[in-house]
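Q: Please take one residue of this model and look closely at where it sits. Then work outwards from it until the rest of the fold is in view.

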Amino acid sequence: MSRLNKKPLITVLTPKQCRDYDPKDGAKYGWIITEDHIHGRQKSDVGTIGPSNCSGEIEELLVSKLDQSSEESLWGMNKFKMLDGNGELYYVGWIAGEYDLTEPLDDFGTPNAGAIYLKVLEPDGSWSSAVEAF
């Protein structure tokens with residue numbers, strides 16, 4: 001995971017580019033935290049990107065979400081939120097690439113803050129059923 005300064009978006013990935021990644025080029029997915037509801041401004045996790053081997057191209061795409069307030073999903077990106085066992089909101093972020101939706105929880109949400117549920121924003125504006133951490 002890394003914390004990045006805001007960078008301009010340079011490259012937008014196509015679905016084919018994502019599928020064709022060589023594992024030594026980095027993970028085929030990445031996520032970014034865009035809202036931290038735990039720490040506020042004191043020790044914010046906003047801008048945290050994972051996993052540690054996230055490819056540079058996916059990382060650039062994710063960083064672009066820090067500068068946008070749109071709820072609209074770009075290609076291959078889904079907005080998610082992570083919650084604790086009581087349904088309290090911990091983090092909001094975006095995930096891109098090839099994934100099964102447990103990655104932000106497994107990589108960051110559970111070990112960092114104890115989040116155990118992840119929901120994805122659906123095209124109709126509702127939140128999906130919760131995916132649980134393993």
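A: Gly26 is found in the loop between helix H1 (15-19) and strand E2; helices (H or I, at least four residues) and strands (E, at least two) are DSSP runs, numbered from the N terminus. The model is a predicted one, in which local features need pLDDT of at least 70 and side-chain atom pairs count only at pLDDT 80 or more, while totals for chains, interfaces and linings use all residues. Residues are numbered from 1 along each chain as its sequence is written, and side-chain values use heavy atoms, with hydrogens and water left out.

At 7% relative accessibility, Gly26 counts as buried, a term for under 20% relative accessible area, with exposed meaning over 50% and partly exposed the range in between (1.4 Å probe, protein chains only). Apart from neighbours within four places in sequence, Gly26 is in contact with Asn53 and Ser55, where contact means heavy atoms within 4.5 Å. The C-alpha atoms of Gly26 and Ile58 are separated by 9.2 Å, with their positions 32 residues apart along the chain.

The loop between E3 and helix H2 (56-63) contains Pro51. The peptide bond from Gly50 to Pro51 is cis, with omega near -5°.

After the loop that holds Gly26 comes E2, and Thr34 is found in that strand. Thr34 has 19% relative accessibility and therefore counts as buried. Beyond four places in sequence, Thr34 touches Val46, Lys65, Leu66, Val92, Gly93 and Trp94. Lys79 is 45 residues from Thr34 in sequence, and their C-alpha atoms are 9.6 Å apart.

E2 also holds Trp31, which forms an aromatic pair with Phe108 of helix H3, 77 residues apart, and so links distant parts of the chain. The structure holds two aromatic pairs; rings of Phe, Tyr and Trp (its six-membered ring) pair if their centres lie within 6.5 Å, and planes under 30 degrees apart count as stacked, over 60 as edge-to-face and the rest as tilted. The pair of Trp31 and Phe108 is tilted, at 5.4 Å centre to centre and 35° between the planes. Both of these residues are buried. Tyr91 and Phe108 form the other pair, also tilted, with 5.1 Å between centres and 50° between the planes. Tyr91 lies in strand E5 and Phe108 in helix H3, so this pair ties together parts that are 17 residues apart in sequence. Tyr91 is buried, as is Phe108. Trp31, Tyr91 and Phe108 form one aromatic cluster.

H3 itself spans residues 103-113, and its buried residues are Glu103, Pro104, Leu105, Phe108 and Gly109. They cover an arc of only 145° around the axis, which puts them on the same side of H3; the arc is that of the directions from the helix axis to the C-beta atoms. The buried residues of H3 pack against strand E2 (29-36), strand E3 (48-50), strand E4 (77-83), strand E5 (89-97), strand E6 (117-120) and strand E7 (131-132). Ahead of the helix, Leu101 sits in the loop between E5 and H3. Leu101 is a residue other than glycine with a positive phi, near 80°. After H3 comes Gly114, whose phi is positive, near 85°.

The largest nonpolar core has 16 residues, and those with the most contacts inside it are Trp31, Ile33, Phe80, Met82 and Leu118. Such a core is a set of buried Ala, Val, Leu, Ile, Met, Phe, Trp, Tyr and Cys residues joined through side-chain atoms within 4.5 Å. E2, E4, E5, H3 and E6 each give two or more residues to this core. Another core of 10 residues lies apart from it, and includes Ile58, Met77, Trp94 and Ala96.

For the whole protein, there are three helices and seven strands, in the order β-α-β-β-α-β-β-α-β-β along the sequence. Buried residues make up 41% of the 134 residues. Among contacts between residues at least 6 apart in sequence, 60% join residues at least 24 apart.

As for confidence, the protein averages a pLDDT of 79, and 72% of the residues score at least 70; pLDDT is the predictor's confidence in each residue, from 0 to 100. Over residues 1-12 pLDDT stays under 50, and the model has 34 contacts beyond four places in sequence for that stretch.
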